[in-house]
Amino acid sequence: MRKSISLLRSGLALSATAALPVALAAPAAAVSGISVSTTGSSVSVVTSACTQINGSWGTAALLTSSQASFSQGRQAALSGTTVSQSAAWSGVSPGTYTVVVVCSSGSTAGSQAVIVSAGSAPTLSTTSRPLPTRPVPVQPAPARGVNGGLGGAVRDYGPLTLGVGTALVGAGAVTAVWCLRRRSKPTRP
């Protein structure tokens, strides 16, 4: 009796531990259908909510606080793949903006407020050292920011991916409980 209770407790603890990452990741995907980022005077938006209709993914608009409708904003067409669509605006002056994404089906993928800060101007300096004889390769800066946090912040996983992950974790927990119960049964001659 004691073995079965301890096995049951360990099985429950195992399944709770396995389900914790899924529970923590689920609210992040359900918060918004878009992800907005700023770099200097550039604003970009990424979504995975739109589907391509007649060669178009949809349109994104950058609205100032004085603009009330989608058509008044600075619009950009979405481009990308079935996994991720994006749009970007450059030369955006400092201020508070709202980014709205409307898919080609007419549904709104999401809207999010963003603050563009005044960036520092690049400074030029002169040096007295001789120029190199061969070109020095320059590494480009990451275009979409740094992946950080729980699983990264750039990609938005859909309900199908989360459902498959939950099913796999559940199957693993059931298999672990089955193996533990089978192991605890006495062998019969």
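**View A. Leu-168 has its place in helix 2, residues 159-184.** Welcome to the first close-up of this predicted model. At 62% relative accessibility, Leu-168 counts as exposed, because the cut-off for that label is over 50%. Leu-168 also has company: together with Leu-160 and Val-164, Leu-168 forms a nonpolar patch on the surface. The accessible area of these three residues adds up to about 340 Å².

**View B. Strand 1 and strand 2 form a hairpin with two residues between the strands.** Here you can follow strand 1 (residues 34-39) as it pairs with strand 2 (residues 42-47). The two run antiparallel and are joined by six bridges. For a handy landmark, look for Ile-34, which stands opposite Thr-47 of strand 2. Then turn to Gly-40 in this hairpin, where phi is positive, near 65°.

**View C. Four strands make an open sheet in the order 4-3-7-8.** The pairing in this sheet is antiparallel. Strand 4 (74-77) and strand 8 (108-116) stand at the edges; each has a single partner strand, so one side of each is left without a neighbour in the sheet. On average, neighbouring strands of this sheet are turned by 20° against each other, direction ignored.

**View D. Strand 3 meets strand 7 inside the order 4-3-7-8.** Let us move in on this pair. Strand 3 covers residues 58-64 and strand 7 covers residues 95-103. Seven bridges join these antiparallel strands. To find your bearings, start from Ala-61, which stands opposite Val-100 in strand 7.

Methods: Residues numbered from 1 in each chain as written. Predicted model: local features only at pLDDT ≥ 70, side-chain atom pairs only at ≥ 80, totals over all residues. Heavy atoms only, no water. Patch = residues over 30% accessible without salt bridge, like charges linked within 9 Å, V, L, I, M, F, W, Y side chains within 5 Å. Areas by Shrake-Rupley, 256 points an atom, 1.4 Å probe, with all protein chains shown as cover. Salt bridge = Lys/Arg side-chain N within 4 Å of Asp/Glu carboxyl O. Buried < 20%, exposed > 50% of the residue type's maximum accessible area, 1.4 Å probe, protein only. Pairing = 2+ DSSP bridges. Axes fitted to C-alpha atoms, helices over the stretch in contact; angles between N-to-C directions.
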